[in-house]
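Here's a quick briefing to read alongside the sequence and the 3D view. Have both open as you go through the points below.

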Amino acid sequence: MKASELRAKDVAALEAEVKSLLKAHFGLRMQKATQQLQNHTQLGKTRRDIARVKTVLAQKKKEAAQ
């Protein structure tokens, strides 16, 4: 997921994206805890995607406040 793609979305879509990524991250953590996770790099990718979406969301909210 690229930041340029995220900047094209509105605030509601970004909040929905964060929610879905958090659910996916939770599922990956549960798979890791039960030793069912095959690809451990997915945890890091998901965490970075969450941070990226939250950053763009904060920027959009800051722009809207000005």
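**Fold at a glance**

The protein has 3 helices and 0 strands, and from the N terminus on its elements simply run α-α-α. Keep in mind that this is a predicted model. With a radius of gyration of 14 Å, well over the 11 Å that the globule rule gives for 66 residues, the protein is more spread out than a compact globule.

**Overall shape and surface**

- Taken along the principal axes, the C-alpha atoms fill a box of roughly 45 × 15 × 15 Å.
- Buried residues account for 24% of the 66 residues.
- The accessible surface adds up to about 4,900 Å², and carbon and sulfur atoms own 53% of that.
- If you look at contacts between residues at least 6 apart in sequence, 67% of them join residues at least 24 apart.

**Charges**

- The protein carries 15 positive and 6 negative side chains.
- The centres of those two sets lie 8 Å apart.
- As a reminder, side chains of opposite charge can pair when their charged atoms come close.
- How many salt bridges does that give here? The count comes to 3 salt bridges, and each one gets its own group of points below.

**Lys-61 with Glu-15**

- The side chains of Lys-61 and Glu-15 form a salt bridge, at 3.5 Å from N to O.
- This pair ties together distant parts of the chain, with Lys-61 sitting in helix α3 (residues 41-65) and Glu-15 in helix α2 (residues 11-33), 46 residues apart.
- Lys-61 is partly exposed, at a relative accessible area of 45%.
- Glu-15 is partly exposed too, at 38%.

**Asp-49 with Arg-52**

- Asp-49 and Arg-52 pair up through their side chains, with 2.9 Å from N to O in this salt bridge.
- Which helix holds the two partners, and how many residues apart are they? Asp-49 and Arg-52 are 3 residues apart in helix α3, so about one helical turn separates them.
- Asp-49 has a relative accessible area of 16%, so it counts as buried, the cut-off being under 20%.
- Arg-52, on the other hand, is partly exposed, with a relative accessible area of 30%.

**Lys-9 with Glu-17**

- A salt bridge joins the side chains of Lys-9 and Glu-17, and the N to O distance is 3.4 Å.
- Is Glu-17 buried or exposed? Glu-17 counts as buried, at 18% relative accessibility.
- Its partner Lys-9 is partly exposed, with a relative accessible area of 32%.

**A look at Leu-28**

- Leu-28 is a helix α2 residue.
- At 13% relative accessibility, Leu-28 counts as buried.
- Which residues does Leu-28 touch, leaving out those up to four places away in sequence? The list is Leu-37, Gln-42, Leu-43 and Thr-46.
- For a sense of distance along the model, Leu-28 and Lys-54 are 26 residues apart in sequence, and their C-alpha atoms are 19 Å apart in space.

Terms used:
Residues numbered from 1 in each chain as written. Predicted model: local features only at pLDDT ≥ 70, side-chain atom pairs only at ≥ 80, totals over all residues. Heavy atoms only, no water. Salt bridge = Lys/Arg side-chain N within 4 Å of Asp/Glu carboxyl O. Buried < 20%, exposed > 50% of the residue type's maximum accessible area, 1.4 Å probe, protein only. Helix = DSSP H or I, 4+ residues; strand = E, 2+ residues; numbered from the N terminus. Rg over C-alpha atoms; globule rule 2.2 N^0.38 Å. Contact = heavy atoms within 4.5 Å. Areas by Shrake-Rupley, 256 points an atom, 1.4 Å probe, with all protein chains shown as cover. Lys, Arg positive; Asp, Glu negative; His and termini not counted. Charge placed at Lys NZ, Arg CZ, Asp CG, Glu CD.
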